[in-house]
Every structure is written in structure tokens, then in C-alpha cells.
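Reader: I would like to go through the strand pairing and the cysteines with you, and to hear the reasoning behind each label.

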Amino acid sequence: MNIRALQIWGFLQTVLGWTFIACSLAMEGWKVAATGGQGGSAVFTVAWYWSSLWRACSTDSNAVSNCYDFPVLWSVEYYVQVVRALLMSGIAIGVLGFILSMVGMECTYIGGKEKEKNRAIFIGSLCHNTSGLLAAAGYAVYAWHVSTEYFNPNFQLKYDLGTPLFLGWVGCVFQITGGLFYLVSVYKLWSLEDSSTRDLMDAEESKTLRSTPTNLSVISELSSKSTASTVSDLPLQSPSTVSKISHKTQHPSST
């Protein structure tokens with residue numbers, strides 16, 4: 001798969017995952033429970049209870065619903081505050097990841113030079129992975145609290161996990177997978193840059209090696225010329241040397 005296709009698949013998956021997380025934040029029924037209607041029971045009325053991050057509701061068999069909106073932030077249960085903070089932080093970081101990823105994608109004409117685009121999409125992929133992990137942590141906190149209440153014998157009303165939690169977990173998987181697609185594309189881009197840099201270095205080294213024998217041949221030619229000139233000067237000097245020797249033999253020095 002080429003780099004552009006990896007980036008497009010990463011963009012589609014991050015969009016889908018971020019949308020799932022954002023929708024789950026506003027959905028009802030994070031935890032649901034039902035009472036009455038069991039076989040052989042003397043209770044004829046049926047009631048459904050569900051709760052979200054923003055309110056708690058109940059509906060009876062006559063389809064009459066009563067809802068209680070959660071008051072100001074500091075009066076909500078602590079785990080709801082934690083889940084809200086984690087999901088909102090994840091959504092905000094995901095928006096930042098979208099901006100940086102779109103700037104750094106190959107199919108867009110914004111973002112400046114190639115090196116700057118690679119840096120932008122790398123930071124965007126980290127933002128998407130962080131966003132998915134924060135959202136997954138928020139869903140885990142809520143699910144842990146609901147499970148703790150369910151297995152606690154002191155609680156008479158047993159809540160089950162609702163649809164928004166599972167939808168959100170799927171969204172986290174999509175968003176993290178999209179961020180990994182971005183990381184793989186960045187790795188391929190950096191590996192191509194390294195290979196091109198190595199090719200340039202190899203080409204320079206080969207040029208250097210090719211120029212070295214030429215220099216050696218020039219030096220050898222110069223040395224051979226100097227040796228030949230020295231040898232050619234020797235016959236010109238030899239007659240004078242011979243005459244000097246003969247003159248000495250004809251007129252020996254008196255002892």
C-alpha cells in the first residue's frame with residue numbers, strides 16, 4: 001500500500017472513530033436497568049431506568065418518563081466528572097489531530113515544505129492516538145463503576161452497560177487504528193528520505209574514488225618524467241668525466 005493510500009485510510013478511520021466518540025458523549029442510556037415484569041411476580045408494573053453523563057431518567061409501563069438533569073459540575077458524582085473530562089479532552093485533542101493531519105497529508109497542498117508536512121502528520125497521528133486512549137480510559141472508568149455497583153449486594157437496582165459505551169469503544173479502536181496508519185506512512189516517508197540520502201552519499205563516494213586513480217596517474221607520469229630526464233642527463237656528463245680521469249692518469253701527482 002502506497003503512502004497516499006495509507007494516509008487516506010487513516011483519515012477515514014479517524015473521522016469515523018472521532019464521530020462515534022462524540023455521538024456517545026451525547027447519547028442516553030450509558031447504564032440501564034429494569035424492574036418488574038418477572039414471571040410469577042406480584043408486581044405488574046414495569047419500569048426502566050437509565051442514566052447518562054448529563055441526566056438520569058425513568059420510564060414506567062405507561063410510557064411516562066421522569067428525568068432529573070444533573071446540577072452544576074461540582075455537585076455531580078466524581079466518576080461522572082472524570083469521564084466527562086477524559087472524553088472532552090480526547091475530543092479536543094482529536095480536533096487538533098484532524099487539523100495537523102490534513103496539513104501534512106500528501107494529497108493536500110497546504111503545510112509548506114515536505115519536511116514540515118511530515119512533521120505535522122507525525123504530531124497529528126500522536127494526537128489521534130492520545131485522543132483514542134483518553135476516550136477509552138473514560139469508558140473504562142464508567143464501566144468499572146457500573147460493574148462495581150452491579151456486584152455489590154448493597155445495591156438493589158442492578159445497572160447494565162449501555163450501548164454508548166460499546167459504540168465509544170469501537171470509536172476508540174477506529175481512531176487509534178487511523179493514527180497507526182498515519183505513523184506507518186510517516187515511517188515510510190522517513191525511510192525513503194534516508195535511502196535517498198544514502199544514495200547521494202554513495203554517489204559522492206564513487207565520484208571521489210573515480211577521481212583518485214586520475215590523481216595517481218598524474219603523479220606517476222610526473223615521477224617517470226623526472227626519472228627519464230635524470231637518466232638522459234647522465235650520458236651528457238660522462239665524456240667530461242672520462243677526460244678528467246684520463247688527464248689524471250697522464251700527469252700523476254709527484255709523491
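Reader: What joins strand 2 to strand 3, and through how many residues?

Author: In this predicted model, a hairpin makes the connection between strand 2 and strand 3, passing through three residues.

Reader: What makes strand 2 and strand 3 a pair?

Author: Pairing requires at least two bridges between the strands; five bridges join strand 2 to strand 3 (residues 55-60), so the two count as paired, and they run antiparallel. Within this pairing, alanine 47 has aspartate 60 in strand 3 as its bridge partner.

Reader: How do you know that strand 1 pairs with strand 2?

Author: The argument rests on the bridges again: five of them join strand 1 (residues 31-35) to strand 2 (residues 47-51), where at least two are required, and therefore these antiparallel strands are a pair. Here lysine 31 stands opposite serine 51 in strand 2.

Reader: Why is the link between cysteine 57 and cysteine 67 called a disulfide?

Author: The sulfur atoms must lie within 2.5 Å, and for cysteine 57 and cysteine 67 the S to S distance is 2.1 Å, so the pair qualifies as a disulfide. This disulfide links distant parts of the chain, with cysteine 57 in strand 3 and cysteine 67 in strand 4 (residues 65-69), ten residues apart.

Reader: Why is cysteine 57 called buried, and how is cysteine 67 classed?

Author: Buried means under 20% relative accessible area; cysteine 57 has 3% and is therefore buried, whereas cysteine 67, at 40%, falls between 20% and the 50% cut-off for exposed, so cysteine 67 counts as partly exposed.

Terms used:
Residues are numbered from 1 along each chain as its sequence is written. This is a predicted model: local features need pLDDT of at least 70, side-chain atom pairs count only at pLDDT 80 or more; totals for chains, interfaces and linings use all residues. Side-chain values use heavy atoms; hydrogens and water are left out. Helices (H or I, at least four residues) and strands (E, at least two) are DSSP runs, numbered from the N terminus. Buried means under 20% relative accessible area, exposed over 50%, partly exposed in between (1.4 Å probe, protein chains only).
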